[in-house]
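Here is a walk through one model, from a helix pair to a whole chain, and then on to a helix and a loop elsewhere. Keep the structure in view while reading.

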Amino acid sequence: MNTLIRRLAAFPLVLLGVSSLVFVAIRLVPGDAITAMLGTQAGLLTPAQKAALAAYFGLDRPWIAQYWHWLRALLHGDLGISVTYGKPVLEVILQRFPLTLELALLSMAIALVIGVPAGVYAATHAERRSDLVLRIGAMIGQSTPSFVFGLVIIYVLSAGFGVLPAMGTFTPLLKDPLANLGQLILPALTLGAAFAAAVTRIARSAMLDVLSEDYVRTARSRGVPARGVIWRHALPNALIPVVTVSGIEFGYLLGGAVIVEQLFALPGLGRMVLDAILQRDYALVQGTVLFIAFNFMVVNLLVDLTYVWLDPRIRARG
Amino acid sequence: MSLLKALFRHPSGRIGATIVLVYLLLAAMGWIGLTPHDPLAQNRIARLQPPSARYWLGTDLFGRDVASRLMTGIGQSFLIAFLSVAVAASVGTVLGLVAAWFERFWDGILMRSMDILLAFPAILLAMLVVAVLGPGTWTSVLAIAFVYMPIFTRVVRGPALSLKNREFVDAARTFGSSTGYIVTRHLLLNIVAPLTVQVTLALAWALLTEAGLSFLGLGTQPPAASLGVMLSDSRNLMEMAPWLMICPAIAIMGGILGFNLLGDALRDILDPKTRVARA
Amino acid sequence: MTLLSVSDLHVGFGRDPEKSEVVHGVSFDLAAGETLALVGESGSGKSVTALSVNRLIDFGGGRVTRGTILLERQDGSQLDLVGAPEAELSRIRGAEIGMIFQEPMSSLNPVKTVGAQIGEAFRLHHGLSGRAVTSAAREALERVRIPDPVRRLGQFPHEMSGGMLQRVMIASVLACNPRLLIADEPTTALDVTIQAQIMALLAELRDETGMGMIFITHDIGLVAGIADKVMVMRDGRSVEQGALGAVLDDPQHPYTKHLLHSVPHFAHGKAVRCDGPGADGSERPAPALKVDDLTVRFNIKRTLFRPSQGNIHAVERVSFDLLPGETLGIVGESGSGKSTTARAILGLAPSSGRISATGQGLRPVQMVFQNPYASLNPRLAVEDLLAEPVLAAGHRFDADARERMHMLLDRVDLPADSLTRYPHEFSGGQRQRICIARALMLNPSVVVLDEAVSALDVSVQARVLDLLVDLQREFQLAYLFISHDMAVVERIAHRVAVVCRGEIVEMGPSAAVLSDPRHSYTRRLIAAVPNIARRRVHFDLDTSQVPSILHPAGWEPPEVRWLEVGPGHLAREEVA
């Protein structure tokens, strides 16, 4: 239990580090914040007006004071106001997040459903032709960037079948589940392919390691049939690295799949950050990055919890 | 060199090493300007031409030769990948050794800092660096190095910590060997193998990230040729001129595949854990 | 009635098993209720032979290429296991042939409870389910005398000691009343007192059930207590087999003779050295190493949610002198603090007390570690390895140092071309010779040998011990020889100190301590040591727990009183 408690204790610390890193990074952006915020319209302001604005946003105060102010607001759930949207940052984020979450979950489901059985199959047929085919497939899958895979899907669909993936207005899940799924299935496949390749590779090598363990030999010596050895004795041990890899990938996906959202014109978190960076909406960048890092850390914590559930040694060692 | 020999005896090592060598050759030619055409020269008459004897891989919307642009693009991608991995590996290794050697305080500080960096999705952190520094070649190098450095720190720290408790380090202490000697000869020398594997995999990942950043418009800026930009530009022309998409797509995939295969083979060769179990 | 009949067994590995054969035509028979001991050193093919019997070798990349393995089934029919299909084999494994392994810790699945792993056999072979499994598993644990079985069922392997786990292994194997039990070095990883108990348990259960047993071991001394027949193996062949008495008392093959006579066996203080300082009546020299009140305590740190638990008293007030040319053996079981003592003397563990060594140079005390595979940096050539102590001491690696290096290499019988080679090119024994040469580079007066021969094969062990004795005479070295192995200590030590729970309980001349132990712990320890001469002894099962060495902060051990029971022979007074 101790590891978990330590992790929990470190949680606010790392979050504080993340927030200050984001804060400092934003202040390091060249040019003054008002110009950055208003873009071309800044030229229309007189220096006095600029100063007034700076005072209004608290930008004339020293960094430490600004940081303190920002942190205090943060504790109250106030991430500031987005200039481009004219809405509170948190509201904008929460509007975009369901899509990102759904996409991430869908991709992970695809990855695990394909990856774990494929990895186990490859490991139990190691060095045979089926293993070779799976390994080559996984290797190519892992070497294909999501934007290449996405483009290929779009190209094949449009050139081969004359269909274009449903882009345009996004339908929320609860409004029309079928239409929603229709919009998300291709991006989820795009993301899930590389993810599945990673899961296959790690599941295969973990399974191979576990199959050479002494306790697997013991199980065989007791007359446990091959299938029982694989699924009941080996797999629970081999899942531990699979959980690690899946957790990391899932955490990254929760940060928004910038490129795939861009490619399929999906209004998710990732594209929002990209737009915010390009449009210099710094309150939004700051808030979203913090939100994403927070999610990532929560996922890591869940991964740790899964370890404890999977491995009694961790439970005891703490 | 026995390593090279072993590499060429390993099936995926042979393919990986060949791919990487071919890319290095193309990159070098791209860099010294040994391309069939000027990659930047526009030609209004020869716009969107399919592959032909004159233009091996066709031309783009501005009549520029795709093959030449591909070569300089590969040169650019490889330069960024190698530089960024060199920076990430050297800084990460030093930090990892420091964390492992001093444990307690420095380990805590360094590893929590790495946790902070690792709490960002990679591409997001890279985007943030680009936002601060403005897009460009050197920014890409720094961004990718910054993102990958904590991974090297972890890769070095883990084995260094366990090596530190090995008997040969105990033996060195009983002789009174200096810290410098122990860290370089007993720790670092024994981490070279996993480090080599990690460097190869990092190169694959750096190629991917560089292409991704360029694809989003945050990496190499047009008109300079870059695989990501070429791919991004091909999107609206994909049905009219599919070669504009296919060529850079294959180029990116091939490079990443080459390094991944090489990394896998190196792992097999340098970490000879016999895997004989069958189910 | 033959239960098992193996004839002309050939086993090979890899793609071309006939070419890379490791077992070349082994034959033996085993009757029900009989025990056959397979004795051999590493690489002799004894484990491969055993794993071939239940065809587990198939999963390790091996294949039976020739021969027959005839097993008499429960119903009286005979089956050749060599040609049997895997489905049939998995019905036989566990139900008719049980197997226990060397490392109980790694042989049980870490993520499943002990109860689930024992219960599995009942589910598979008896078709039990639900509560019946639990109660059957509980009975199985009771049968191997595990106290508090209900609580144990819910525990995971890492929560139990090695001896307990080996009992769990035995319980899970016996669950199905197999007709044949294969025990592959079942006690090698265990302490000697635990070993004695496991051996006793195995013998008792065998007599109770009437099963046949194949007992694999590297220690011919161990077979006397359990086997009816012995087969000695070397390089994949059986060199000699026969009834226990015939093989042990009248060995025919030179290798069997070698195992019986050239290899250290415990002889109750009759095989001790009689050279040593002062043996010829000359005056005793000043000690080379003097240790007074050496104490090592590890603080169990307070954490956020747990108050300090106190200190682990790993080594407590250990004092001794060591003369030039003398060997002091420190014996004790795992966790007794013997290795920590060595590490503290070399400054590798924080300690209090006084350690003074006399000798030339900065570091008159050098150490040789247990594992020759881990104590040499695999990436450095032998020359660099030998140069390290010289450079570390701030000397130049000059012609004198080179000359010493060549001299030492020659003294430890390593070829002169070894210098440019790397550790992996040497065998375990050769590596340990490199370690010894390295320890002698700076001309120390004291060498601490921490289980220095424990990882080596018995034949190699004997040769390295001879080398150590020669070097001691030549350089007047003082050895602090730390070992769990009584037989080895008997061969090399002039004096012996017995440690238990961090404290010395008895110390004196080897002959006196080993032949006439006075402290109850020493007696128990010596009684547990296997012995060729002792046939069929019976051990009582002892399930008492060793008291903890974790004490609350501020705790001090009670004052110790020593009884002088003979010349130089001290034993701790025991409070009844």
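This is a predicted model. Start where chains A and B meet. Helix H6 of chain A passes helix H10 of chain B in a right-handed crossing. H6(A) covers residues 129-143, and H10(B) covers residues 243-270. Their axes come within 8 Å and cross at roughly 125 degrees. That angle makes H6(A) oblique to H10(B), because it lies outside both the perpendicular range of 65 to 115 degrees and the antiparallel range over 145.

Which residues of H6(A) and H10(B) meet? From H6(A) come A:Met139, A:Ile140, A:Gln142 and A:Ser143. H10(B) supplies B:Met253, B:Ile256, B:Leu257, B:Asn260, B:Leu261 and B:Asp264. The residues of this contact divide into 6 nonpolar, 3 polar and 1 charged.

Now step back to chain A as a whole. Chain A has 14 helices and 0 strands. Read along the sequence, its pattern is α-α-α-α-α-α-α-α-α-α-α-α-α-α. The C-alpha trace spans about 85 × 55 × 35 Å along its principal axes. Chain A has 318 residues, and 49% of them count as buried. Among its contacts with a separation of 6 or more, 73% join residues 24 or more positions apart. The accessible surface of chain A comes to about 14,600 Å². Carbon and sulfur atoms account for 69% of that surface.

Move next to helix H7 of chain B, residues 167-175. Is H7(B) enclosed or open? Of its 9 residues, 8 are buried, so H7(B) is largely enclosed by the rest of the structure. The buried residues are B:Glu167, B:Phe168, B:Val169, B:Asp170, B:Ala171, B:Ala172, B:Thr174 and B:Phe175.

What do these buried residues pack against? Within chain B, their partners are helix H6 (137-164) and helix H8 (179-215). Chain C contributes helix H12 (338-345), strand E15 (365-368), helix H13 (382-392) and helix H15 (428-440). Then comes the end of the helix. B:Gly176 follows H7(B), and its phi is positive, near 85 degrees.

Finish in chain C, beside one of those partners. C:Glu425 is found in the loop between helix H14 (399-411) and H15. Its relative accessibility is 36%, so C:Glu425 counts as partly exposed. C:Glu425 and C:Pro378 are 47 residues apart in sequence. In space, their C-alpha atoms are 9.8 Å apart.

Technical notes
Residues numbered from 1 in each chain as written. Chains lettered and ligands numbered in written order. Predicted model: local features only at pLDDT ≥ 70, side-chain atom pairs only at ≥ 80, totals over all residues. Heavy atoms only, no water. Axes fitted to C-alpha atoms, helices over the stretch in contact; angles between N-to-C directions. Helix = DSSP H or I, 4+ residues; strand = E, 2+ residues; numbered from the N terminus. Parallel < 35°, antiparallel > 145°, perpendicular 65-115°, else oblique. Left-handed = near helix turned anticlockwise from the far one by under 90°. Contact = heavy atoms within 4.5 Å. Nonpolar A, V, L, I, M, F, W, Y, C, P; charged D, E, K, R; others polar. Buried < 20%, exposed > 50% of the residue type's maximum accessible area, 1.4 Å probe, protein only. Areas by Shrake-Rupley, 256 points an atom, 1.4 Å probe, with all protein chains shown as cover.
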